Structure formats: structure tokens, C-alpha cells
Amino acid sequence: MPSLDTAAFGAFVRHEIDAVCVAVEGVDRDGVERVAEAAFDIGLDLVGQGLAGPSARLPWVNRAWQQLATPAARLIAQSPVDALGAITNAVVRLGSVPGVRVDEWIDVASSLASRCPDVASLRSLGAVCAWRAGMAHLREVALDHAGRLAPEVASAAAGSASMPWPELRERLQAQRWWNPVTGAMDPQGRTVGGFSGLGGPFATPPEVRVASDGFVAQSDGRHFLIVADAMGAVVLPASSGEFAAASAEAAREVSITPQGARIYDTQIAFPVPGDRMKAVASADSVALFSPWSHTIRVAPARP
């Protein structure tokens, strides 16, 4: 690795690796050397790739190692490569998806990691926290992983520590747009997309259709999957075949207004001219789009 910034790696050793080793020393003095060796090897790769250290492209690996070192110390001592790898892979993946709240993932995972009996539970916790932090496409995966956690941990990770997990799971499965953190539904939904010249995904205003797992958009010959719920919204790659197979039927329950659209009795604000605006709907969501906008508004289909 001839391009390795040795000064940056030295800083990572002094701050992040040291924090991990100090935390492990508090629970298993005999495991510190083994953890230090594993952390050193992982850290070399991370700093070499620009993912960690003071010159990292994003701050998430540094912060995750620092903040999760103490609550996850017992798991790191047991399986240093697996535990540090799980933490690292999670924040790197989260950080690659625009709009995902990585800082929230770190905060929630840190508050609950000490209640995980093994690395498998830590991974399950990470999956639930990833959905809560905005990875809407992981909704079903997260609910499955939540069932592998202690019920009280599952409820806390999903955002409603006071609600018993069986009741919370049932409500989440039935109501895509109900937010367990606030205990309410935002009828305005979420705005996704944006102009590619300003960091968004769409080079031209997108055309949107309904797919089995969300919505599929076409923009300038490229195709995208849009998935949204109460916790967040993501725009992911899709294929031309998925777009061709999706439904373009107009949403019957939506009426276009000068201010945006009305879904049943709810006015949805969409700051573009109402002429030529379109709406398509799945069983639980409506997507509003216009030839005058690079964004898409996705909102609950019913109040």
C-alpha cells in the first residue's frame, strides 16, 4: 500500500484503535493484544481506502469506533474481527446512501449494543437501526431481524421502547407510514430525488410507475427504484425491465390542485405548477411527479 498516509494511520491508532483497546481492557485484559492486532489490520485497510482517519471522506467509521467501543467492548473482545467488521460495514454502507441518517444509527446502536449477547445479535440490532435511520428498503429485513432480539431491545431499536414488541411489530406491519418514534403519521410523506447537477439522482424530471416493492422512475435513460416509509426514503438503481413491467395507471383517489394534490381530504404540498402533474399509487403510497420538477413526493395513500 505505497500510497498509505502513515500520519493519518498513526492518528487512527492513537484515537480510534486506542479507544477500542481501552474499552476492551475494562472487560477482558487478556484479550487486548488480540483485539489490537485485529484492529490494526482492519484499520490499515480503512485508512488506505480513505474510509477512516483524520483525512477520511466521511466521519462515520471514526465516530462509530469511538462511540461503540465501550458498549460493544465485550463483543469486540469475544470476536474482534467480526464485531469491528460488523460495525464498520454498517456505517460504510449507510454512508453510501444519500439521505440516510448515519449519526442516528450510531447513537441508537450505541445505546443498545451492551444488551446484545453475541455478534449475531449486534448485526440484527444494526439492521433494525439501519431501517430506523432511513434505509426504507430494509423494512421487512429489519422486522425479521428485530424478532431475533430480546423483545425489549427490539422495541427500543424500532423506536418505541414503551410498546411491547408483538404489538409494535403488528402495527408496523400494518401501517407503513406510522412512525414509532413520534407515535403518529405525517400525511405529507417525503420528498425524494433532485437534479443530478446539484447532487441528486435525476438528470431530467422523472417519469414514475408503480412497482411491487415501491415505485420505479425513468430519467434520461436511467432507471431507479424509490422506496419510502415513515422512517425515510431511498433512491436505488433499477433496470429498464423493471420500469417496463411497472404500472403507469393514474391514481384514482388523487386530485391535482394548484397547491399540489389532494389525497382524499388531505392536501399535499408540491411546489410546482399543477398543470401536467401526475400521480400513481400503490396499496399504501402515492407518488406525485411533474415535468417541471426533478423531485418526487411520496405520501401515504390513506389518512
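**Exercise 1. Find out how α7 and α8 are oriented, and what joins them.**

Let's start with where we end up: α7 and α8 are oblique to each other. Keep in mind that this is a predicted model. Now for the steps.

Step 1. Look up the helices. Helix α7 covers residues 119-132 and helix α8 covers residues 139-146.

Step 2. Get the geometry. The two pack at an angle of about 140 degrees, and their axes are 8 Å apart.

Step 3. Compare with the cut-offs. Over 145 degrees would count as roughly antiparallel, and 65 to 115 as roughly perpendicular. The angle of α7 and α8 is about 140 degrees, so the label is oblique.

Step 4. Add the handedness: α7 and α8 make a left-handed crossing.

Step 5. List who touches whom. From α7 come S124, A127, V128 and W131, while α8 brings R139, A142, H145 and A146.

Step 6. Sort these contact residues by type. You get 5 nonpolar, 2 polar and 1 charged.

**Exercise 2. Do the same for α3 and α5.**

Step 1. Helix α3 spans residues 60-68, and helix α5 spans residues 80-95.

Step 2. Their packing angle is about 140 degrees, with the axes 9 Å apart. That makes α3 and α5 oblique to each other.

Step 3. Which hand does the crossing have, left or right? α3 passes α5 in a right-handed crossing.

Step 4. Now the contact. On the α3 side you'll find W60, V61, A64, W65 and L68, and they meet L84, I87, T88, V91, V92 and G95 of α5.

Step 5. Sorting the contact residues of α3 and α5 gives 9 nonpolar, 2 polar and no charged.

**Exercise 3. Describe two of the aromatic pairs.**

Step 1. How many aromatic pairs does the structure hold? There are 3.

Step 2. Take F9 and F40. Their ring centres are 4.9 Å apart and the planes make 85 degrees, an edge-to-face arrangement. The cut-off to remember here is over 60 degrees for edge-to-face.

Step 3. Place F9 and F40 on the chain. F9 is in helix α1 (residues 6-25) and F40 in helix α2 (residues 32-48), so the pair links distant parts of the chain, 31 residues apart.

Step 4. Check burial. Under 20% counts as buried, so F9, at 8% relative accessible area, is buried. F40 has 39% and counts as partly exposed.

Step 5. Move on to F12 and W65. Their ring centres lie 5.1 Å apart with the planes at 55 degrees, so this pair is tilted.

Step 6. F12 sits in α1 and W65 in α3, so the pair ties together parts 53 residues apart in sequence. Are F12 and W65 buried or exposed? Both are buried. You've met W65 before, in the contact of α3 with α5.

**Exercise 4. Look at two residues with positive phi.**

Step 1. Start with D220. Its phi is near 55 degrees, positive even though D220 isn't a glycine.

Step 2. Where is D220? It's in the loop between β5 (214-219) and β6 (222-229).

Step 3. D220 has 55% relative accessibility, so it counts as exposed; the cut-off is over 50%.

Step 4. Now try Y264, another non-glycine residue with a positive phi, near 55 degrees. Y264 belongs to the loop between β9 (260-263) and β10 (266-269).

Step 5. At 34% relative accessibility, Y264 counts as partly exposed.

Methods: Residues are numbered from 1 along each chain as its sequence is written. This is a predicted model: local features need pLDDT of at least 70, side-chain atom pairs count only at pLDDT 80 or more; totals for chains, interfaces and linings use all residues. Side-chain values use heavy atoms; hydrogens and water are left out. Axes are lines fitted to C-alpha atoms, for helices over the stretch in contact, and angles run from 0 to 180 degrees between N-to-C directions. Helices (H or I, at least four residues) and strands (E, at least two) are DSSP runs, numbered from the N terminus. Angles under 35 degrees count as roughly parallel, over 145 as roughly antiparallel, 65 to 115 as roughly perpendicular and the rest as oblique. A crossing is left-handed if the near helix is turned anticlockwise from the far one by less than a right angle, and right-handed if clockwise. Contact means heavy atoms within 4.5 Å. Ala, Val, Leu, Ile, Met, Phe, Trp, Tyr, Cys and Pro count as nonpolar, Asp, Glu, Lys and Arg as charged, and the others, Gly among them, as polar. Rings of Phe, Tyr and Trp (its six-membered ring) pair if their centres lie within 6.5 Å; planes under 30 degrees apart count as stacked, over 60 as edge-to-face and the rest as tilted. Buried means under 20% relative accessible area, exposed over 50%, partly exposed in between (1.4 Å probe, protein chains only).
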